[in-house]
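Take a first look at this protein and the ligands beside it. The walk goes from the whole fold to the ligand surroundings.

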Amino acid sequence: MISSTDLIINSNGTAYHLAIHPDQLPNRIFMVGDPERVPMVSQYFDKITDKIHKREFVSHFGEKNGERIGVISSGIGPDNVEIVMTELDALANINFKTREIKSHKRKLQLIRIGTSGSIQEDIPVDSFLVSKAAIGIDNLSDFYDFDENLKDFNSDEVEVFKQNFPKNTSFYLSKSSDELVKKYKNLNFIEGLTVSTPGFYAPQGREIRLKNNKKNYLEQIRNCRLGQLKPSNLEMETAAYYAFGKLLGHKVLSFNAILANRVTKEFSKKPDFQIERLIELVINYEL
Ligand SMILES: O=P(O)(O)O[C@H]1O[C@H](CO)[C@@H](O)[C@H]1O
Ligand SMILES: O=c1cc[nH]c(=O)[nH]1
């Protein structure tokens, strides 16, 4: 039995941060960072049945084409993904009354619709990219056994690849769901190796007043290769989503609207329109 301080359940039977009740959870959920993006997704539902809001976690559940689906905002960063993935999995796979793990596990389908910056000249602003795999340089791997995820990669290649990342930075690799990559193949998005960072400024090679203490950081990352894949874009959640998805048995795929190109130093002139387009393409795809 899982203790009441390990798995905190609110007095109305909902998960501590997400405030979702186990009975409300659909199998297919779109994940966004920005809470204001939630209604931009749920406007495409045929019917919205539940709206929940606690902190940065806004959830809308409903139906589209006869299927129960949902959209949840995570807020920014891998620490939030840790909370979201753990609570979603608990809602799916723990009996909230007995606090026991269920013997039959549910497999959720989680699809991130996010924004990102490209680190390759040939991945232009206003393009769309699907993350085939992701590199996490946040410190979640210091606490979870993400090494399991490395089994998806060639270990010799990983060792060489890792040398390109700053020495004292945490590092893990994780992969998208092959099944979901195949399913969304006809969108024909650029396929990439996403780098998920624990911050937006220095961890993404930006300098405002404070200087990055790692020299040639972006250049080094941009120029290395993992097999056929080259690091393509920077954002802040994908690696954690994929790592937890793999360990907890959920299928995850991350889509990115590329709003910045860090080589040409361009930023999209229509960022809101681009994320709206991406939402429409993804949600209307085969649903
Ligand atoms: O647009 P979202 O999904 O929030 O994603 C990206 O944008 C945020 C930073 O501006 C980070 O969360 C990053 O991952
Ligand atoms: O450069 C960018 C743009 C959007 N989101 C990010 O995390 N980075």
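The paragraphs below cover the overall build, then ligand 2, then ligand 1.

Keep in mind that this is a predicted model. The protein has seven helices and 13 strands. Its C-alpha atoms fill a box of roughly 50 × 40 × 40 Å along the principal axes. Does that fit a compact globule, and what radius of gyration would one have? For 287 residues, a compact globule would come near 19 Å, and the protein has 19 Å, so the two agree.

Now look inside. Of the 287 residues, 39% are buried. Contacts also reach far along the chain. Among contacts with a separation of 6 or more, 78% join residues 24 or more positions apart.

Turn to ligand 2. Which residues lie around it? They are Thr115, Ser116, Gly117, Phe200, Gln204, Leu234, Glu235, Met236, Leu259 and Ala260. Strand E7 (109-118), strand E11 (231-235) and strand E12 (251-261) each give two or more residues to this shell. E7 supplies the largest share, three residues. By class, the shell around ligand 2 holds five nonpolar, four polar and one charged residues.

Ligand 1 comes next. Around ligand 1 are Val32, Gly33, Asp34, Ile76, Gly114, Thr115, Phe200, Glu235, Met236 and Glu237. How do these residues divide by class? Four are nonpolar, three are polar and three are charged.

Finally, set the two lists side by side. Thr115, Phe200, Glu235 and Met236 appear around ligand 2 and also around ligand 1.

Conventions. Residues numbered from 1 in each chain as written. Chains lettered and ligands numbered in written order. Predicted model: local features only at pLDDT ≥ 70, side-chain atom pairs only at ≥ 80, totals over all residues. Helix = DSSP H or I, 4+ residues; strand = E, 2+ residues; numbered from the N terminus. Rg over C-alpha atoms; globule rule 2.2 N^0.38 Å. Buried ≥ 20, exposed ≤ 12 C-beta atoms within 10 Å, placed from the backbone. Contact = placed C-beta atoms within 7 Å. Near = placed C-beta within 6 Å. Nonpolar A, V, L, I, M, F, W, Y, C, P; charged D, E, K, R; others polar.
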